Amino acid sequence: MIKLHDKFFKPFISAQEIDDAVTKLVDEIVADVGDEIPVFVGILNGSFMLTSDFVKKYPKPCEVTFIKLASYEGLKSSEDIQRLIGLTQDLTDRTVIVLEDIIDSGNTLHEVHRIFKNENVKALKIATLFYKPEAYDKDFKIHYIGLEIPNKFIVGYGLDYDGLGRDIPEVYQIMTIQHMTNLVLFGPPGAGKGTQANFLKDKYDLIHISTGDVFRYNIKNETALGMLAKSYMDKGDLVPDQVTIDMLSAEVDKNSDAKGFIFDGFPRTEAQAEALEKVMAEKDSVINAMIALEVDDEVLVKRLLERGKTSGRPDDADESIIRNRIKEYYNKTAILKNYYTAQNKYYGVDGVGSIEEITERLCAVIDKL
Ligand code: AMP
């Protein structure tokens, strides 16, 4: 995710996908133009990157020129289109191919046709890298299209938001941030995450996802995922990242109307934290806070052995497995404190005291978010 001025944008089209779309445009155009020398006309400012990449790939001789137009003011396609300037060359009987970075409303095309009306060109063709079919309301033919995209504001690869973003080699899409509360409840095994999550989910109307619980549910039901996870869990090791990430992402998708989530036991590695950011970005949302319950190791071991007497969890019954789980936490998971601290999202809470006291401490943090 990136921030330009006051808005957030999420990755949308990769540099590779853009490159493939440019290649597709080149292939289609060279097939039509053959050995004739076309004049490619880039429309500034947006199409400077496309024009450059396009002509580098174009396998035959061609001419390149630019005309300039500023059609966007901020987010909305401006009604008050500025005129095109800079067409100085004689284009009589030439095949002219206009290279546009993006066509949305089609207002610019109107202006393109106006400027070429009296030029006596042999053919005027329009090529665009991006095309928004939902926004286009004109009748001008668009001859070559790189990629069709939804009607959402994008930046990068020549396209800007109030001057910023043109230099980015990929394309980002605007995020209309949803007002969700997404919390990561953090802390070593036995810190009380599950207990506290139960109170918090009711109080704030959030969906509680405990990856440990989902794994245990799958083990109980003898699913393929359960069988896979069991061998790791029984030893107190972490289940491999990709398995856990896919499962978490499916759990989030099941709750499309949620007002927010409490993630308990996830993320446990940096790869999982990055994956969670992507899952949230797909919902136009973010993780608001990581709230960590801080508890001493020896208190944890005592609590878990106590819980093991009734929980039926094999990984709570044996002190060496419990110590391995705590070790896994410090080896692999505790580094996430730095990850969220760097984003100013880390909140440590003393996890020793009565359940009610700890709930109060957590609520004090959440209410301030
Ligand atoms: P928990 O109930 O959170 O203590 O998790 C119990 C066990 O499930 C852990 O010791 C791991 O084997 C597995 N597990 C739960 N969440 C994750 C995760 N995010 N990544 C990898 N393994 C996990």
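## Aromatic pairs

Let's start with the rings: F9, F153 and Y161 are joined into a cluster by ring pairs. The model here is a predicted one, and it holds eleven aromatic pairs. One of them brings F54 and Y58 together in a stacked arrangement, with ring centres 5.9 Å apart and 25 degrees between the planes. F54 sits at 0% relative accessibility, so it counts as buried. Y58 comes in at 6%, which also falls under the 20% cut-off for buried.

Another stacked pair is made by F261 and F263, at 5.5 Å centre to centre and with 20 degrees between the planes. Both of these Phe residues are buried.

## The parallel sheet

Now for the strands. Five of them make up an open sheet with parallel pairing, in the order 13-14-12-15-16. Which strands stand at the edges? They are strand 13 (207–210) and strand 16 (346–350); each has a single partner strand, so one side of each has no neighbour in the sheet. From one strand to the next, the twist averages 20 degrees.

How many bridges pair strand 15 with strand 16? There are five, in the parallel sense, with strand 15 covering residues 289–294. If you want a spot to look at, try I291, which stands opposite Y347 in strand 16.

Helix 4 (residues 193–204) lies across several members of this sheet: strand 12 (181–186), strand 13, strand 14 (260–264) and strand 15. Relative to strand 14, helix 4 runs at about 170 degrees.

## Around C363

C363 belongs to helix 13, which spans residues 355–368. Is C363 buried or exposed? The relative accessible area of C363 is 8%, so this Cys counts as buried.

Leaving aside neighbours within four places in sequence, C363 is in contact with L200, K203 and Y204. There is also a long jump in numbering to consider: C363 and F199 are 164 residues apart in sequence, yet their C-alpha atoms are 9.9 Å apart in space.

## Strand 11 and its antiparallel partners

Strand 11 (residues 171–174) is worth a look too. Strand 2 (residues 7–13) runs antiparallel to strand 11, and four bridges join the two. Within that pairing, P11 has Y172 as its bridge partner.

Strand 10 (residues 154–155) also pairs with strand 11 in the antiparallel sense, this time over two bridges. Here I154 is matched with Q173 of strand 11.

## D101, a buried charge

D101 is placed in strand 7, which covers residues 95–103. This Asp is buried and has no salt bridge. How far away is the nearest side chain of opposite charge? That side chain belongs to R166, and the distance is 5.8 Å. A salt bridge has to fall within 4 Å, so the gap between D101 and R166 does not qualify.

What does D101 touch instead? Not counting residues up to four places away in sequence, the list is G46, S47, L50, T128, L129, F130 and L159.

Technical notes
Residues numbered from 1 in each chain as written. Predicted model: local features only at pLDDT ≥ 70, side-chain atom pairs only at ≥ 80, totals over all residues. Heavy atoms only, no water. Buried < 20%, exposed > 50% of the residue type's maximum accessible area, 1.4 Å probe, protein only. Lys, Arg positive; Asp, Glu negative; His and termini not counted. Contact = heavy atoms within 4.5 Å. Phe/Tyr/Trp six-rings, centres within 6.5 Å; stacked < 30°, edge-to-face > 60°. Pairing = 2+ DSSP bridges. Axes fitted to C-alpha atoms, helices over the stretch in contact; angles between N-to-C directions.
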